[in-house]
Amino acid sequence: MNGQRSLLRISTMAVLLLPCLSAQSKPSLESRVQRLEDVEEIRIVLTEYGRTLDARDFAAYSRLFAKDGEWVGGFGTVQGPAAIQAFMEKNVGTENKAHNFHLLTNFVIQVHGDTATAWSHWSFVVPTPDNKPVIAQSGRYDDTLIRENGQWKFKRRTASNDIPSGGPPPAPAK
């Protein structure tokens, strides 16, 4: 009889505690919504990067970077919004006379509180002499982002070229 009572007590406690344990392992609705909002805000930062770059609006472009944010790419490395703005104006220019643009795709965003990482592809489209679009270059971005004063900003953006690459390895000597 005591064995049956003990088993009944244990079963009853398990039935009562199971929903509590399940609720603790699942993130709250509030935290899940916050994560979705963060991902969408970061997606907007990634998209605004391309829009401001193509518009040659390097003042707005530089504001996408944290106060100690860093841009790393084929032109070199630069840190801080003012330096990034001056660097891009010098290396890219302030007018898009060629009407070229970037395609940004395949966003993978991971949020960890007030920091995040992102990965994406970019392609650079230029017009041919007969005004047809052609992809001239393609690569990827590896990003670290931070929430600064309530807004997501680039802490570090690394732009890498995949095409053209350094080319195929040389053929072995015969």
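**Figure 1. The bridge between V72 and T77 in the predicted model.** In this predicted model, the residue of β2 that serves as the bridge partner of V72 is T77. The two strands concerned, β1 and β2, pair in the antiparallel sense, and their pairing extends over four bridges. The chain passes from β1 to β2 by way of a hairpin, in which two residues make the connection. Strands of a sheet pair through backbone hydrogen bonds, either parallel or antiparallel.

**Figure 2. The six-stranded sheet and its edges.** The protein chain holds four helices and six strands, and its elements follow one another from the N terminus as α-α-α-β-β-α-β-β-β-β. An open sheet is built from six strands in the order β2-β1-β6-β5-β4-β3, and the pairing within this sheet is mixed. β2 (76–79) and β3 occupy the edges with a single partner strand each, so one side of each has no neighbour in the sheet. From one strand to the next, the twist averages 15°.

**Figure 3. Helices α2 and α4 against the sheet.** Helix α2, which comprises residues 29–55, lies across β1, β3, β4 (115–127), β5 (133–148) and β6, and its direction runs at about 155° to β3. Helix α4, made of residues 81–92, also packs on the sheet, where it touches β1 and β2 and makes an angle of about 35° with the direction of β1.

**Figure 4. Salt bridges that join β6 to β1.** K155 forms a salt bridge with D68, in which the closest N and O atoms are 2.6 Å apart. This pair links distant parts of the chain, since K155 belongs to strand β6 (residues 151–163) and D68 to strand β1 (residues 65–73), with their positions 87 residues apart. K155 is partly exposed, its relative accessible area being 29%, and D68 likewise counts as partly exposed, at 31% relative accessibility. A salt bridge also connects R156 and E70, whose closest N and O atoms lie 2.6 Å apart. Here too the pair links distant parts of the chain, with R156 in strand β6 and E70 in strand β1, 86 residues apart. R156 counts as partly exposed because its relative accessibility is 35%, a value that falls between the limits of 20% for buried and 50% for exposed residues.

**Figure 5. Further salt bridges of the chain.** The side chains of K132 and D130 meet in a salt bridge with an N to O distance of 3.5 Å. K132 has a relative accessibility of 49% and therefore counts as partly exposed. Elsewhere, D38, D114 and R147 are linked in a network of salt bridges. The count for the model comes to ten salt bridges.

**Figure 6. A nonpolar surface patch that includes L103.** F101, L103 and I135 together make a nonpolar patch of about 260 Å² on the surface. L103 is found in strand β3, which covers residues 101–112, and this residue is partly exposed, with a relative accessible area of 38%. For the protein chain as a whole, the accessible surface comes to about 11,400 Å², and carbon and sulfur atoms account for 59% of it.

**Figure 7. The surroundings of P133.** P133 has its place in strand β5 and counts as exposed, because its relative accessibility is 65%. When residues up to four places away in sequence are not counted, P133 touches V125 and V126. The C-alpha atom of P133 is separated by 9.8 Å from that of F101, although the two residues are 32 residues apart along the chain. F101 is also one of the residues that make the nonpolar surface patch.

**Figure 8. Burial and contacts over the protein chain.** Of the 174 residues in the protein chain, 31% are buried. Among the contacts between residues at least 6 apart in sequence, 48% join residues that are at least 24 apart.

Definitions and conventions:
Residues are numbered from 1 along each chain as its sequence is written. This is a predicted model: local features need pLDDT of at least 70, side-chain atom pairs count only at pLDDT 80 or more; totals for chains, interfaces and linings use all residues. Side-chain values use heavy atoms; hydrogens and water are left out. Patches are made of residues with over 30% relative accessible area and no salt bridge: like charges are joined within 9 Å, nonpolar side chains (Val, Leu, Ile, Met, Phe, Trp, Tyr) within 5 Å. Accessible areas come from the Shrake-Rupley method with a 1.4 Å probe; for residues, only the protein chains shown count as cover. A salt bridge is a side-chain nitrogen of Lys or Arg within 4 Å of a carboxyl oxygen of Asp or Glu. Buried means under 20% relative accessible area, exposed over 50%, partly exposed in between (1.4 Å probe, protein chains only). Two strands pair if DSSP finds at least two bridges between them. Axes are lines fitted to C-alpha atoms, for helices over the stretch in contact, and angles run from 0 to 180 degrees between N-to-C directions. Contact means heavy atoms within 4.5 Å.
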